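Dear colleague,

Please find the sequence and the structure below, and keep them open while you read the notes that follow them.

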Amino acid sequence: MHCLTLLRPAPPLLAIPSLRLLSRFSSNTSKALLLHFSNLLKRFPQENPYPSNPSPGSRPLWPHPYEYNDLMSAFASAGDSTNVLRLFDEMKRFNCRPDAACYTTVANSLLSSNQPEAAIAVFKEMVSSGVLPDTMAYTVLVKLYACYLRQFELAYEVVHGMRDCGCKPDVVTYSTLITGLCQVGRVSEAFGVLDVMLNEGCVPNAHTYTPILHAYCTAGQIEEAERLVSTMEAVNCVPNVVTYNILIGALSKAGRFNEVENILANCQLKGWEPDVITYSTYMDGLCKAGKVDRSFMLLEEMVSHGLYPNKVTINILLDGLCKRSNSLCAQSILERSSEFGWRPGVVNYNTVMSRLCEVGKYFSVLKLFTDMFKKGLEPDSWTFSIVVQGLCKAGKIRKAKCLFDSNGFLANVVAYNTLIRYLYFLGEVEEVYHLLDQMTKENVVPNHTTYGIMIELLCSEGRFEAAINCFSISLDNGWSPNLVVNLVWGLVAGEKIYKLVKILEWIVKQGFFIDTCIYCSLIKAFCWRGSCQNTEIYTLCYILDLFLKIR
DNA sequence: CTAGGGTTAG
């Protein structure tokens, strides 16, 4: 990295012919790519050889947008949007005007790294530079609205509007829209889109149906999913390995391992081949169901098919080992990894450390934490959260706070929540408020867990209006029945029954889903308070009837 | 250059 930033002015990376070749190795990590670059750049003139006004007709010395796009795509598929942006800036600096494809690549890579706002900026720039979007550009715009911002009205508008710009939505555009709808469970609407594309003579493929299957599987509607697979076969939209992986995942989760075996046994007949993800998915299901031995047998099977476990597969097995109370084994696999020439990843450490935490082996957690440093592995925010949790559980809350405040600690919302929860248990209200302040300052966005603790805290301090206010703010993050449970307990304990009735009436009016947890918490809270003996029982009955839509 | 799948924390 440093070699590149130190060279000023930096020559365009793409002026070196062999880089075009390099960019084909999209599976290469960005670091590997950068290493190649910095080596090549050492032989490159440090002066800027690129005149801003080339003589007409001469072959330009600087690279063509195609070449930049090739390289940007390589970084994009390596998940490195920072370098995509760097190249994008660079090409503009060298007066190499981005074409529609370049803008599309950059916007898409920003989406992949979850920066929808930045992607919008790229689209705006595209328009203001007078570059006309093509179908692919519009497709990424649909992806932005449907899969990231969930603004489906705008997504539909793009699909309709692109016709006027001389572009036709294609199977990718429609499949993208269907994906977005299915991700939020709007399956019937997705079928509506499918109808539209069929009417237009746009032929669906596996990408069109698979998101729908995914939605069914997420909702636990396995029978519907299986029926959809038959439909796909009937309309000549053959399910592929991804389709089957989703189905196998759902079946494994439901413990229906015989059916998984059946699907695997018939794969050749159906014309698809299991891959690493197929095996990993199945193995994870087996491990979670306690069938760790069977999972290890599958490891042998996949290797015999020429498929090799990757970090995820190994993580699943490590997790399985811990679940079978073999955390000591998992721990030594990590500690002694160099003996068998394996380099574990951060997630591998996180997995074993969190399992050790669960069984109270806090010393081992710290031991692995230091082992990571010895191996030169950088802990991530998950690691830190797990260690904070381990220290808190071990009763070393001061130590946890010290670690939290130390340099280099990557605090995310979970680390904050953990520390806040334990400090709250200890009655250190001052510190809790201080941490909540700090969270805002550090731009760590609170989530439902945070709001739950805040509601509890505010109620215990008698600040009921603030607690209710906190609840309404939490709705920006979506609906969480658990927060209502917190509010119920807090308000009943604080004898604010009138406030409780008001807020519950409002909740019912908004049409939020009332689950059994909320229902039970009300009954339990009233019983706990002893209200069942007096006239307040009528208030309780009133609310319960309200929930059941009797009133 | 554009679409879908598997692992870890409160």
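The side chains of Thr210 and Thr243 in chain A are joined by a polar contact of 3.2 Å, a value that, like every other in this message, was computed from a predicted model. Thr210 belongs to helix H12, which covers residues 206-218, and a polar atom of the Thr210 side chain also lies 2.6 Å from the backbone oxygen of Ala206. If neighbours within four places in sequence are left aside, Thr210 is in contact with Met232, Val242, Thr243 and Ile246. Thr210 has a relative accessible area of 8%, and because anything under 20% counts as buried, this residue is buried.

Two leucines can be read in a similar way.

Leu491 sits in helix H29 and is buried, with a relative accessibility of 0%. Its C-alpha is 6.8 Å in space from that of Cys459, although the two residues are 32 positions apart in sequence. Beyond its neighbours within four places in sequence, Leu491 is in contact with Cys459, Phe464, Ile468, Lys496, Lys499, Leu500 and Ile503.

Leu141, for its part, is in helix H8, and at 15% relative accessibility Leu141 is buried as well. Leu141 and Ala155 are separated by 14 residues in sequence and by 7.6 Å in space, C-alpha to C-alpha. With neighbours within four places in sequence again left aside, the contacts of Leu141 are with Phe123 and Val158.

It may help to set these residues against the whole chain. Chain A has 551 residues, of which 46% are buried, and its secondary structure consists of 32 helices and 0 strands. Among the contacts in chain A with a separation of 6 or more, 62% are between residues 24 or more positions apart. The chain exposes about 28,500 Å², and 56% of this area is supplied by carbon and sulfur atoms.

One helix is worth following from end to end. Helix H6, residues 100-112, has 13 residues and spans 18 Å from its first C-alpha to its last, close to the 18 Å expected at 1.5 Å a residue. Since 10 of these 13 residues are buried, H6 is largely enclosed by the rest of the structure. The buried residues are Ala100, Cys102, Tyr103, Thr104, Thr105, Val106, Ala107, Ser109, Leu110 and Leu111, and what covers them includes helices H4 (65-77), H5 (81-93), H7 (116-128) and H8 (135-148). H8 is also the helix in which Leu141 is placed.

The backbone on either side of H6 deserves a careful look. Most residues other than glycine have a negative phi. Asn95, in the loop between H5 and H6, nevertheless has a positive phi near 60 degrees, and with a relative accessible area of 42% this residue is partly exposed. H6 is followed by Asn114, whose phi is likewise positive and near 60 degrees. Further along the chain, Glu495 is not a glycine but has a positive phi of about 60 degrees. Glu495 is found in the loop between helix H29 (481-493) and helix H30 (497-510), and at 54% relative accessibility it counts as exposed.

Finally, there is the DNA. Which residues are the closest to DNA strand B? They are Asn240, Asn245, Asp275, Asn417 and Asn447, out of 52 residues that surround the strand. By class, this surface is made up of 15 nonpolar, 31 polar and 6 charged residues, and helix H17 (residues 276-288) gives the largest share of it, with 6 residues. Of the atoms of DNA strand B within 4 Å of the protein, 35% belong to sugar or phosphate, while the rest belong to bases.

Several asparagine side chains come close enough to the bases to be listed with their distances. A polar side-chain atom of Asn447 lies 2.6 Å from a base nitrogen of DNA strand B, and for Asn310 the corresponding distance to a base nitrogen is 2.8 Å. In the side chain of Asn412, an N or O atom is 2.9 Å from a base nitrogen of the strand.

With best wishes

How values were computed
Residues numbered from 1 in each chain as written. Chains lettered and ligands numbered in written order. Predicted model: local features only at pLDDT ≥ 70, side-chain atom pairs only at ≥ 80, totals over all residues. Heavy atoms only, no water. Helix = DSSP H or I, 4+ residues; strand = E, 2+ residues; numbered from the N terminus. Expected span 1.5 Å × (residues − 1). Buried < 20%, exposed > 50% of the residue type's maximum accessible area, 1.4 Å probe, protein only. Contact = heavy atoms within 4.5 Å. Near = heavy atom within 4 Å. Polar contact = N/O pair within 3.5 Å; in protein donor to acceptor, adjacent residues only side chain to side chain. Nonpolar A, V, L, I, M, F, W, Y, C, P; charged D, E, K, R; others polar. Areas by Shrake-Rupley, 256 points an atom, 1.4 Å probe, with all protein chains shown as cover.
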